[in-house]
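Q: Got a minute to walk me through this one? I'd like to start with the ligand site and then wander from there.

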Amino acid sequence: MLLRTKLFGKTYEFGTIKELLAKANEEKSGDRQAGIAAESAAERMAAKHVLAHVTLETLRQNPAIPHERDEVTRVIDEGVNETIYAEIKSMQLGELREWLLADTTTSAMIRRISNGLTAEMIAGVAKLMSNLDLMIAAKKIRVTAHCNTTIGLPGTLSSRNQPNHPTDSPAGIKASIYEGLSFGSGDCVIGINPSDDSLSSVSRLFEMTHQVITTWKIPTQNSVLAHITTQMEALKRGVPIDLLFQSLAGSEKANQGFGISVGLLDEAYQMARKYCNSNGPNYFYFETGQGTALSAGAHEGADQLTMEARCYGLARRYHPFIVNTVVGFIGPEYLYDSVQITRAGLEDHFMGKLTGIPMGCDACYTNHAVATQNDIENLAVLLTTTGCCYFMGVPMGDDIMLSYQSTSYHDTASLRQLLGLRPIPEFEAWMEDLGLMKDGVLTEKAGDASFFLQK
Amino acid sequence: MDNKEIDIQAIVKEIMAELTQNGAIDPPQENPSPIPEQQQAGIDLPDPSLPENRKKLGVANPYDPEGLRNLCSTTSARLGVGRAGPRPRTETLLLFQADHAITQDAIYGEVDQEVLDKFALFTVHSQVESRVQYLLRPDLGRLLNEESQAIIAERCEKNPQVQIVVGDGLSAAAINNNFPLIYPVIMEGLKAANLSLGTPFFIKNARVGIINDINEIIKADVVVILIGERPGLGISDAMSAYMGWQPAHGKTDADRDVVCMITMNGGTNTLEGGAFVVEMVKKTLKYQASGIALREKAGETG
Ligand code: B12
């Protein structure tokens, strides 16, 4: 297939759709590492220019990895609604961008075409958008989901209470949970990354969070981000689990590296519906992040934005309650600095929403990246204005177990206050009842973990 | 709103109120500490990074001060810090930023030659040529350079049951501080179990995946790499032990196990960490499997 343009008098030609997509990507250190990035800024622009004229049909016919070889490709392709696809397949990506941005295009209209899109189309259009484009388009797309409470409602901003501890001490984790709750963090989920993935330790943390939730009658859900097989084992033994968690990658091979497959996730999904302690119907929590596939040597020559979009396509199969990109987590070899992290955060949020999943963001950075806390505070504000469902709440943003920095309990309250947003209604009512919040603002009692020593 | 006194703070507050849709900004909850009148005497501050100063409570009127102190003592997370409106207090903010500053240095640190000499470790290199390249090209950190392959082929015992190697990873401090403590523990444990041990060595600019490349030469049953984790804000010297059954090209993290967060600064201490490592090695040998496969086998039979 001919993919060629002239730009400033010079001719640029691209061999395949996969190559075109990679070269049209905004600068990312991960694509450079993979040796697939545009070689010059002009070449990148030439690629975008050509990409704008590629039809959705061409993109469907050219998935990043062929059907025969990859179950993620098959899952996404089988998920396409053929009626809707037939309506839009002759659209070019440049036209899709304009359609998404048009004032006459509503949230409902976008939600409808979501079902006719594949990951390559979604990644492709993201590559043609500026940061503000990504925000304007994403802002329109409202996606809600329900577990014990409803995520993604207009006017709300939620927070995962992330109380990690280096040795999984239940007492230490509980202390952080209390502090977070007292700042209004935890309406999305109380979710712990375990340091020890053993069944006994993971089960203990589920039991402990369940006990805090029931003692204080907190309208929320618990989660322990262990490997899915550990959680399934716990579920079988009657451990109280509200949400099942798993990290996802965009290729079959990368998922193998994670020790998961579509078959395993299907099984987990069935188990969740049978045994989870929550109301549902949305039982899954997924995390993703640009660079995951490459870090497992399983990107199959595709760029990291396209691989990320494929994670969302896979996630959609399981009707998740929440999905977030952990945007600066893996490190500078994928997103070098704050410019790249910010861009990726906006891209991922947009792509997730366009896929039709309730999207949050772990706005974060590692100590070996060229970024500071100021940069992710900026990103969080940008994302909040565009309707991001939730962020992480970590004590002072310092995750003492995962060794990276994210948004803090303070940031949860600050973002809500700055932009006039509220927690999930039931959770806010719960906070008001306890006297920790009044009219959406923290009261004098708030920000004090010892408040929860009353019971 | 009481705006009789025009000062910058008042203006800022006014703007904040306009920004906030509900307009409900509380009056300041606690007065910022007054600026001392006698600044002529100069400023001479205690070190805010000392443990005793870190643990100071910042909450204005806690419900249960003693209880809050107890909660804070259960974790190294930054709890009990209080707030200035929705934001952190000044001391808390500055300490956080100071911690970030010091962490930047850990990444570019080097493993002390003395530490390596003490345990007679020789040094080999991955294909990485500089620290910046190390950060940007993990793929090169998973491969030995040619010279190193030759050195290992020449100097190392082949086909041992257990091969231990050390890598700087993302924190040299992790190796400097923990390796001298954990290595004797691991050695004792493995010797007591009568296992044959390979010749240990150090790899500069290493990633975990380099154990595949190493074992193409050594052909051990189990390879353990002690490696510096990426530095965290509070703890910049945590070490991990990653290990696998018969590592070889094509093996992934799903085929590996890890004991992580080994540090004397609030993680798993080296004595316990060493014991875990020995236990994992024995388990790997017993089931002849690691990673997900080990879990499946151990689950079935044990
Ligand atoms: C970075 C990181 C990742 C990255 C790795 C990619 C990368 N480029 O580094 C990503 C996001 C992909 C990842 C994924 C997972 N991780 Co991880 N990860 C970390 C982290 C924060 C730092 C690791 C580090 O410093 N490595 C040192 C450098 C020098 O090594 P490297 O060669 O650059 O990177 C390799 C290792 O990091 C390794 N790795 C990373 N995570 C894991 C987990 C396991 C079980 C194994 C065997 C290897 C492994 O993969 C990298 C590529 O080979 C640690 C936290 C910690 N305290 O160590 C958790 C940590 C090691 N991960 C953990 C877990 C549970 C996972 C997942 C299983 C999560 C899930 N539920 O799916 C997955 C799958 C890993 C796999 N089996 O493939 C746990 C392990 C718990 C345990 N004792 O078994 C830790 C301790 C964090 C936690 N408590 O949640 N992880």
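Q: Which residues sit closest to the ligand?
A: This is a predicted model, and in it the closest are Pro194(A), Gly257(A), Arg207(B), Val208(B) and Asp253(B). The full shell around the ligand has 33 residues.

Q: Why is the site called shared between chains?
A: Because residues from chains A and B surround the ligand, the site is shared between the two chains.

Q: Ok, and which polar atoms does the ligand meet on Val208(B)?
A: An oxygen atom of the ligand is 2.7 Å from a polar backbone atom of Val208(B). On the side-chain end of things, Glu229(B) has an N or O atom 2.8 Å from a nitrogen atom of the ligand. There's also Tyr242(B), with a polar side-chain atom 3.4 Å from a ligand oxygen.

Q: Which strand gives the largest share of that shell?
A: Strand 6 of chain B, with four residues. Strand 4 (222-228) and strand 5 (239-245) of chain B each supply at least two, and so does strand 8 (244-247) of chain A.

Q: What's the mix of residue classes around the ligand?
A: The shell divides into 17 nonpolar, nine polar and seven charged residues.

Q: Switching to the interface. How much area do the chains bury?
A: About 4900 Å² between chain B and chain A, with 57% of it on carbon and sulfur atoms. In chain B, the residues that lose the most area to chain A are Tyr63(B), Arg83(B) and Arg230(B), together 14% of what that side buries.

Q: And how many residues does each chain put into the contact?
A: Chain B gives 59 residues and chain A gives 66.

Q: How many salt bridges and polar contacts go across?
A: There are five salt bridges between chain B and chain A. One of them pairs Glu333(A) with Arg207(B), where the closest N and O atoms are 3.9 Å apart. Arg207(B) is also among the residues closest to the ligand. As for polar contacts, the count between the chains is 20 residue pairs, both residues at pLDDT 80 or more.

Q: Which element of chain B gives the most to that side?
A: Helix 4 of chain B, with seven residues. Elements giving two or more residues also include helix 3 (65-72), helix 12 (291-301) and strand 6 (256-262) of chain B. By class, the side of chain B that touches chain A has 26 nonpolar, 21 polar and 12 charged residues.

Q: What about salt bridges over all chains?
A: The structure holds 36 of them. Glu87(A) and Arg112(A) make one, at 2.5 Å from N to O. That pair links distant parts of the chain, 25 residues apart, with Glu87(A) in helix 6 and Arg112(A) in helix 8 of chain A.

Q: Now backbone oddities. Where's the cis peptide bond?
A: The cis bond joins Gly280(A) and Pro281(A), with omega about 10 degrees. Pro281(A) is in the loop between helix 15 (262-275) and strand 9 (284-288) of chain A.

Q: And what is the phi of Asn205(B)?
A: Positive, about 55 degrees, although Asn205(B) is not a glycine. Asn205(B) lies in the loop between strand 3 (201-204) and helix 10 (210-218) of chain B.

Q: Last topic, confidence. What does chain B average?
A: Chain B averages a pLDDT of 88, and 86% of the residues score at least 70. Over residues 1-6 of chain B the pLDDT is below 50, and that stretch has five contacts in the model beyond near neighbours in sequence. For the complex, the predictor gives an ipTM of 0.95 and a pTM of 0.87.

Methods: Residues are numbered from 1 along each chain as its sequence is written. Chains are lettered from A and ligands numbered from 1 in the order in which they are written. Side-chain values use heavy atoms; hydrogens and water are left out. Contact means heavy atoms within 4.5 Å. Buried area is the accessible area (1.4 Å probe) that two parts lose on being put together, summed over both. A salt bridge is a side-chain nitrogen of Lys or Arg within 4 Å of a carboxyl oxygen of Asp or Glu. A polar contact is a pair of N or O atoms within 3.5 Å; within protein, one must be able to donate a hydrogen and the other to accept it, and residues adjacent in sequence count only if both atoms are side-chain atoms. Ala, Val, Leu, Ile, Met, Phe, Trp, Tyr, Cys and Pro count as nonpolar, Asp, Glu, Lys and Arg as charged, and the others, Gly among them, as polar. pLDDT is the predictor's confidence in each residue, from 0 to 100. A residue is near a molecule or strand if one of its heavy atoms lies within 4 Å of it.
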